[in-house]
Amino acid sequence: MGNIRLSNVSKTFGTQEVIRDLNLNIEDGEFVVFVGPSGCGKSTLLRLIAGLEDVSDGRIEINGADVTDLAPARRGLSMVFQSYALYPHMSVRSNIAFPLRMAGLDKAAIDRKVAEAARVLNLTDYLTRKPRQLSGGQRQRVAIGRAIVREPTAFLFDEPLSNLDAALRVNMRLEISELHQQLGTTMIYVTHDQIEAMTMADKIVVLNKGVVEQVGSPMELYRTPANLFVAGFIGSPRMNFINGNEAAKVGASVIGVRPEHMTMSPDDGRWCGEVGVAEHLGSDTFLHVKVDGIGQITARAPGEIDLRHGEKIFLSPEPGKMHLFGQNGEIVSASGAVS
Amino acid sequence: MARTLTPKRKVAFTVLAWVLGLLIFFPILWTVLTSFKTEGEAIANPPSFLFFDWTLENYTEVQERSNYLRHVINSVVISFGSTAIGLLIAVPAAWAMAFSPTKRTKGILMWMLSTKMLPAVGVMMPIYLIFRDLGLLDTLLGLTIVMTMVNLPIMVWMLYTYFKEIPGDILEAARMDGAQLGQEILYVLAPMAVPGIASTCLLNIILAWNEAFWTLNLTAADAAPLTAFIASYSSPEGLFWAKLSAASTMAIAPILILGWFSQRQLVRGLTFGAVK
Ligand SMILES: Nc1ncnc2c1ncn2[C@@H]1O[C@H](COP(=O)(O)OP(=O)(O)O)[C@@H](O)[C@H]1O
Ligand SMILES: [Mg+2]
């Protein structure tokens, strides 16, 4: 069981309000990702759940029990830190065994559990090494090993992959997702990387300046972003935003269309522009088109297309794939029924 | 860009370093040499450097006149005692300031340091009177307390700087892993801080061992440490350079030996954090 509920949680540092009146429910076994730009309060929120920071106001419950005033160790949660935070003077074995030792398990049980965790994480050959003798990926696995041995109610990850190189990051992403499948334990994962969020999460919580902008599955956020912030944050390349006259024509303050929802045509379409830079990725081509009176629009075309710089091109949003936002940035018409 | 030294400059710097090193070492060498001279040779002009009649009579005489061993014991009690008590206070203090600082932490640290800027003589009278009234004059307890107070700011500062270098994440990880405060300090903080704590202790022992203001002013006979033992040869019966040198040599020998064996630790501790 790993149900976590936050009610009206606030956190202020001095006069700075970092988390504002936040409500959130995390179901047992869910993989929840907190995503948002740097400094929006993700780590603070995670640390509040962990008990490493005290809430300024509000209530935190784990499995129905109020843990707001409980010490970190008594909340039954495990945390993996961005810096790994391994104990530098202890061997890998002692690092993984540490939480079990603190829990007062007998030596035989500790050895058995450490061996099991090491096997799952491919660390068996490294048990006698010190952390400084390990690569970044191995250190990360030791940190995860230390987290899983105590069979916590939930795992907390704070940007665990940000110190790894790109290739390793993709591998570890898969490993963590795999681990979640195997263990079925609730995981809360903090990242500023929307791709990590999209690929790993059952549920994404988009944070901005200490408030929740939207909560939903990756596809819900992708299809029906609740506001400009979420629309701009989720999806890569970023959604095109068109304002001014064009938007006013359809009764909105801003129109949003994702690059992959633009159709291109050499002779007919809604907006006419000039091809600027074309980025060829092989599988896709991203065209940056300059449209008079609107500005730069990015469009994605599958595969390779052959267009020269300065060539004329027509762009149109796919029917039903337009997002209309009102004055306050909130969505007014989900997936733009307007054509 | 790598900085390169021309061979000529390298030689010049090497010579300069040796000259400076010898200059610093010379007084100690001279003291040791003088301790093996007769009183006559000690004041001879021009002085003889190595070619004199080596004699041990100063040592035997100093030994007869004073109880060297008792002074050594006093010095050991005061320096080790004040260091131990200081550590008991300074470790938790530095821990709190490094890992849960408040708005006022920096201010308190500066204030503690500022007490070291006050000349000791400025508080001589009040301390003397308080000690007299409490019956602490010329007692080991009194001197240990004074030494603890004198060196505490330095201990807290040194430990604070070492503790600051320890990533807070690691302590938080220990907390998440279920370590109680005591376990966190014992199993995680202390092992990582051992070099820092060790060099703090060493430096403190050396400072307390050599301290001469309070030890001279607050002791007479019973609690007099080695500094008072040296001083006793400098004034009352006029100057006896050879015996004074013998006493000095005997007084600094233990701490020099300690320093020699722990120099690696000391240097590592004092430069901890400077190179990372
Ligand atoms: N211990 C602290 N004291 C003061 N301000 C803090 C503290 N921790 C975080 N903050 C502030 O809270 C804000 C959110 O920080 P954080 O939760 O680390 O953001 P994120 O993890 O989303 O990048 C930042 O503006 C940061 O400066
Ligand atoms: Mg963060």
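Visitor: What makes residues 72–96 of chain B a helix span, and how far apart are the end C-alpha atoms?

Guide: In this predicted model, residues 72–96 of chain B are 100% helix and 0% strand. The end C-alpha atoms of that span lie 36 Å apart.

Visitor: Why are residues 72–96 of chain B labelled "transmembrane region"?

Guide: The label comes from UniProt, in an unreviewed entry. The record also places the feature at other residues of chain B, including 12–33 and 184–209. Such annotations may be inferred rather than shown by experiment, so the label is to be read as the record's statement.

Visitor: What is the make-up of residues 184–209 of chain B?

Guide: Over residues 184–209, chain B is 100% helix and 0% strand. There the end C-alpha atoms are 33 Å apart.

Visitor: How do you know that chain B and chain A are in contact, and how many residues take part?

Guide: The test is heavy atoms within 4.5 Å. By that test, 15 residues of chain B are in contact with 23 residues of chain A. The two chains bury about 1,600 Å² between them, with 66% of it on carbon and sulfur atoms.

Visitor: Why is the pair B:D177 and A:R146 called a salt bridge?

Guide: The cut-off is 4 Å between a side-chain nitrogen of Lys or Arg and a carboxyl oxygen of Asp or Glu. The side chains of B:D177 and A:R146 meet at 3.6 Å, N to O, which is within 4 Å, so the pair is called a salt bridge. Between chain B and chain A the count is two salt bridges. The count of residue pairs in polar contact is seven.

Visitor: Which element gives the most to the side of chain B that touches chain A?

Guide: That is α8(B), with seven residues. The elements that give two or more residues are α8 (168–176) and α9 (181–210) of chain B. The residues on this side of chain B divide into nine nonpolar, two polar and four charged.

Visitor: What makes chain A a chain of two domains here?

Guide: The domain assignment gives domain 1 (4–228) and domain 2 (239–333) of chain A. Their C-alpha centres lie 38 Å apart. The contact takes seven residues from domain 1 and eleven residues from domain 2. About 720 Å² is buried between the two domains, and carbon and sulfur atoms give 57% of that area.

Visitor: Which three residues supply the most of the area that domain 1 of chain A buries against domain 2?

Guide: A:Y222, A:P225 and A:L228 supply 71% of that area, more than any other three residues. The rule finds zero salt bridges across this interface, while four residue pairs are in polar contact. Helix α7 (residues 218–223) gives the most to the side of domain 1 that touches domain 2, with three residues. That side of domain 1 divides into five nonpolar, one polar and one charged.

Visitor: What makes the bond between A:S236 and A:P237 worth pointing out?

Guide: Most peptide bonds are trans. A:S236 and A:P237 are joined by a cis peptide bond, with omega about -5°. A:P237 is in the loop between α8 (228–233) and β11 (240–243) of chain A.

Visitor: What is the phi of A:E159, and where is A:E159 placed?

Guide: A:E159 has a positive phi of about 40° although it is not a glycine. Most residues other than glycine have a negative phi. The place of A:E159 is the loop between β7 (154–158) and α5 (166–183) of chain A.

Definitions and conventions. Residues are numbered from 1 along each chain as its sequence is written. Chains are lettered from A and ligands numbered from 1 in the order in which they are written. This is a predicted model: local features need pLDDT of at least 70, side-chain atom pairs count only at pLDDT 80 or more; totals for chains, interfaces and linings use all residues. Side-chain values use heavy atoms; hydrogens and water are left out. Domain bounds come from an automatic or database domain assignment. Buried area is the accessible area (1.4 Å probe) that two parts lose on being put together, summed over both. A polar contact is a pair of N or O atoms within 3.5 Å; within protein, one must be able to donate a hydrogen and the other to accept it, and residues adjacent in sequence count only if both atoms are side-chain atoms. Helices (H or I, at least four residues) and strands (E, at least two) are DSSP runs, numbered from the N terminus. Ala, Val, Leu, Ile, Met, Phe, Trp, Tyr, Cys and Pro count as nonpolar, Asp, Glu, Lys and Arg as charged, and the others, Gly among them, as polar.
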